[in-house]
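Got the viewer open? Let's take a short walk through some charged side chains, one selection at a time.

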Amino acid sequence: MIIYHGSLEKVENPEIRLPNRTLDYGFGFYTTTSYKQAESWVKRRMEEKKVPKGFINIYEFNEKAMKFYQKLGLKPLKVIMEDNIKSH
């Protein structure tokens, strides 16, 4: 399955950390299966922060292999592509 994460930075190795702020659904690394949703989110953040560039990080997620990878200490997400988003 392909999943997307809109961000102001490249995220090559996603990590779940305790947040320094309240997030909508608790702590975690938020992704979506919708490219348009990730694009919309990063464009909104770019406007809020007044930055000219953001990223849509694109990952391949293998649901069946996730538990196996975790037992081996490997990460189930693999970065396969990144799109640069620029403000107009």
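Start by selecting Lys43, which is partly exposed, with a relative accessible area of 34% (buried means under 20%, exposed over 50%, and partly exposed in between, using a 1.4 Å probe and protein chains only). A quick note before moving on: this is a predicted model, where local features need pLDDT of at least 70, side-chain atom pairs count only at pLDDT 80 or more, and totals for chains, interfaces and linings use all residues. Residues are numbered from 1 along each chain as its sequence is written, and side-chain values use heavy atoms, with hydrogens and water left out.

Which residue forms a salt bridge with Lys43? Add Glu39 to your selection: the closest N and O atoms of the pair are 3.6 Å apart. A salt bridge here is a side-chain nitrogen of Lys or Arg within 4 Å of a carboxyl oxygen of Asp or Glu. Both residues sit in helix 1 (residues 35-49), 4 residues apart, about one turn of the helix. Helices are DSSP runs of H or I with at least four residues, numbered from the N terminus.

Next, pick Glu48, partly exposed at 44% relative accessibility. Show Arg45 too: its side chain meets that of Glu48 in a salt bridge at 3.0 Å, N to O. These two are 3 residues apart in helix 1.

Now add Arg44, also partly exposed, at 43%. Arg44 forms a salt bridge with Glu48, with the closest N and O atoms 3.7 Å apart. About one helical turn separates them.

Keep Arg44, Arg45 and Glu48 on screen together, and you have a network of salt bridges. The structure holds 3 salt bridges.
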